[in-house]
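Reader: I should like to learn how to read the features of a structural model in order. May we begin with charged side chains and then proceed to the contact between chains, burial and backbone angles?

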Amino acid sequence: MVDFKVHEKTDGDNLLLVFEGVIDEDVVFPAVDTGTYKKVFIDLKGVKSINSVGIREWLNWMKPLSEKAQLVFMKAPKALVLQMNMVEGFLPKTGFVKSFYVPFYCERCDKEESVLFSVGQEIELSRGAYKVKFDIASAKLCAEQACEMEMDASEAKYFQFLKRMAG
Amino acid sequence: MPKRDGAATLWDLSAGAPNERVEPDTIGIASSLEPQDVIHLVAECGMEHVVQRDGLAFEREVQLARMMVMEPAEFFSAPLDAIFGADAGTDHFIDFAVTCGPDEKKKHVLHQLEAYLKGLTGARSIREEAMMVADELYTNGAKNGAPIVGPVDASQVKPGWVRFIARADGMRLVLGCIDSYGALDAAVMVRRIQSCFKDGVAQSINQSQGGGAGIGSYMAFNAAMSMYVAVERGRRTIVLCALPLSKRLKETINLPKNFHVLTRD
């Protein structure tokens, strides 16, 4: 298990936070000067897992921050996408998920891939709905000719949070 | 309608749910109840066993429910044998004991489980869920022995133990904890799960900083196909979850859930 770490980088009005490790009872989220930044970008690629106490800490940290700055989440892993769908407020109303990982699996090759979907590219949002524009054939996730790679999640459940963002 | 079956009562829920509380020895048999309806039957009707025909290992789950009603001591003495059947293979088996205490014990448990899951066929699609369930159930057991948030000094640690166990049979992975405290109030736990369904997860979070978030059991139930809760007050608590083993998540994602509760003074 990996302890939680945060790397910070500022760029004018913007703050970039890179999270790594496990979000649990030991997590210490960074204090953010909300008067200084208009946008806070949070890179979640390195987050391994989150537990129930981690969810509580996330909500308590996120709520006041989301009232003062716009939050943009990037590279959200499956563990956090599941919480965005299950826990109301986990993705704040003013929050925006720019990109997130989608699990794929081929039973034939026994190969798995986590594919980064970005809003505006693989995902289109409009009028309260989302549209998946990912073409698995052209993505060439596997070199095998007969590969049967497919999404390893229920699309309706996994992409549920996108409806809220599109609304 | 209820039908006597030895010391147990089988209640076919296809004709509808009972209007009042049932005898504690009642086993409800359903087909495709939603998770919140399963919890409703347990919380509001006092139905201690709800088993679904379309769920995993239906026949085995009914046998288990009968055993929990008629021979509870057998379940308490060997819960994994009771769930899988005493003659089931134990090719993929871990059972290790860890005493309760500060956080590094949990890290050790999760590390062991992570290694176990890597070698377990069909566990690929439920890795995150299994790790989360283990985290929540271990935390629930360990907090009876010592605070789980903040620094812990020796005077706060109560004597006792928490044991993490897991076993798989190619179709199901069962994992969870046994502790020597027997302090769990099963009714409160069920109400907490019910609250998450009724009021929402965020609204059900316990904000008291010293304790758990109060949503861990809901998260475990949400990820599991079956949940087994057994309490011998003051002596032992057993909380286990069964997760489906399958190469593809899609094959198991909509399986209906079972629930079993057993309490003894």
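Author: A salt bridge is a side-chain nitrogen of Lys or Arg within 4 Å of a carboxyl oxygen of Asp or Glu. Side chains of opposite charge can pair when their charged atoms come close. The model before us is predicted. In it, the side chains of A:Asp152 and B:Arg124 meet in a salt bridge, with 2.9 Å from N to O.

Reader: Where do A:Asp152 and B:Arg124 lie in their chains?

Author: This pair crosses between chains: A:Asp152 is in the loop between β10 and α4 (155-158) of chain A, and B:Arg124 is in the loop between α5 and α6 of chain B.

Reader: Are A:Asp152 and B:Arg124 buried or exposed?

Author: The cut-off needed here is that buried means under 20% relative accessible area. Both A:Asp152 and B:Arg124 are buried. B:Arg124 has a relative accessible area of 16%, so this residue counts as buried. The side chains of B:Arg124 and A:Asp152 are also joined by a polar contact of 2.9 Å.

Reader: Which residues are linked with A:Asp152 and B:Arg124 in a network of salt bridges?

Author: The network links A:Glu112, A:Asp152, B:Arg124 and B:Arg127.

Reader: How many salt bridges does the rule find across the interface of chain B and chain A?

Author: The rule finds 8 salt bridges across that interface, and a search of the whole structure finds 24 over all chains. Between chain B and chain A there are also 11 residue pairs in polar contact, both residues being at pLDDT 80 or more.

Reader: Which helices of chain B each supply at least two residues of the side that touches chain A?

Author: They are α5 (104-118), α6 (127-142) and α8 (216-223) of chain B. The largest share of that side, 7 residues, comes from α6(B). By residue class, the side of chain B that touches chain A divides into 14 nonpolar, 12 polar and 15 charged residues.

Reader: How many residues are in contact between the chains, and what area is buried?

Author: On the two sides, 41 residues of chain B are in contact with 28 residues of chain A. The area buried between the chains is about 2900 Å², of which carbon and sulfur atoms give 49%.

Reader: Let us turn to salt bridges within one chain. Which parts of chain B does the pair B:Glu232 and B:Arg264 link?

Author: The closest N and O atoms of B:Glu232 and B:Arg264 are 2.9 Å apart, and the two residues form a salt bridge. The pair links distant parts of the chain: B:Glu232 is in strand β8 (residues 226-232) and B:Arg264 is in strand β10 (residues 258-264), 32 residues apart. B:Glu232 is buried because its relative accessibility is 5%, whereas B:Arg264 is partly exposed, with a relative accessible area of 26%. In chain A, the side chains of A:Arg56 and A:Glu57 meet in a salt bridge of 3.2 Å, N to O, and both residues are buried.

Reader: How should a buried residue be read together with its surroundings? Which residues is A:Tyr101 in contact with, leaving aside its neighbours within four places in sequence?

Author: A:Tyr101 lies in strand β6 (residues 99-106) of chain A, and its 15% relative accessibility is why this residue counts as buried. Leaving aside neighbours within four places in sequence, its contacts include A:Lys45, A:Pro77, A:Val81, A:Leu116 and A:Tyr158. The C-alpha atoms of A:Tyr101 and A:Lys78 are separated by 6.2 Å, though these residues are 23 apart along the chain.

Reader: Finally, how does one read a positive phi?

Author: Most residues other than glycine have a negative phi. Phi of A:Lys140, a residue other than glycine, is positive, near 50°. A:Lys140 lies in the loop between α3 (136-139) and β10 (150-151) of chain A and is exposed, with a relative accessible area of 68%. Phi of B:Ala57 is likewise positive, near 50°.

Reader: Is B:Ala57 buried or exposed?

Author: B:Ala57 counts as buried, at 17% relative accessibility. The residue is found in the loop between β4 (49-52) and α2 (58-70) of chain B. α2(B) has 13 residues and reaches 18 Å from its first C-alpha to its last, close to the 18 Å expected at 1.5 Å a residue. Among the buried residues of α2(B) are B:Phe58, B:Val62, B:Leu64 and B:Met68.

Conventions:
Residues are numbered from 1 along each chain as its sequence is written. Chains are lettered from A and ligands numbered from 1 in the order in which they are written. This is a predicted model: local features need pLDDT of at least 70, side-chain atom pairs count only at pLDDT 80 or more; totals for chains, interfaces and linings use all residues. Side-chain values use heavy atoms; hydrogens and water are left out. Contact means heavy atoms within 4.5 Å. Buried area is the accessible area (1.4 Å probe) that two parts lose on being put together, summed over both. A polar contact is a pair of N or O atoms within 3.5 Å; within protein, one must be able to donate a hydrogen and the other to accept it, and residues adjacent in sequence count only if both atoms are side-chain atoms. Helices (H or I, at least four residues) and strands (E, at least two) are DSSP runs, numbered from the N terminus. Ala, Val, Leu, Ile, Met, Phe, Trp, Tyr, Cys and Pro count as nonpolar, Asp, Glu, Lys and Arg as charged, and the others, Gly among them, as polar. Buried means under 20% relative accessible area, exposed over 50%, partly exposed in between (1.4 Å probe, protein chains only). The expected span of a helix is 1.5 Å times one less than its number of residues.
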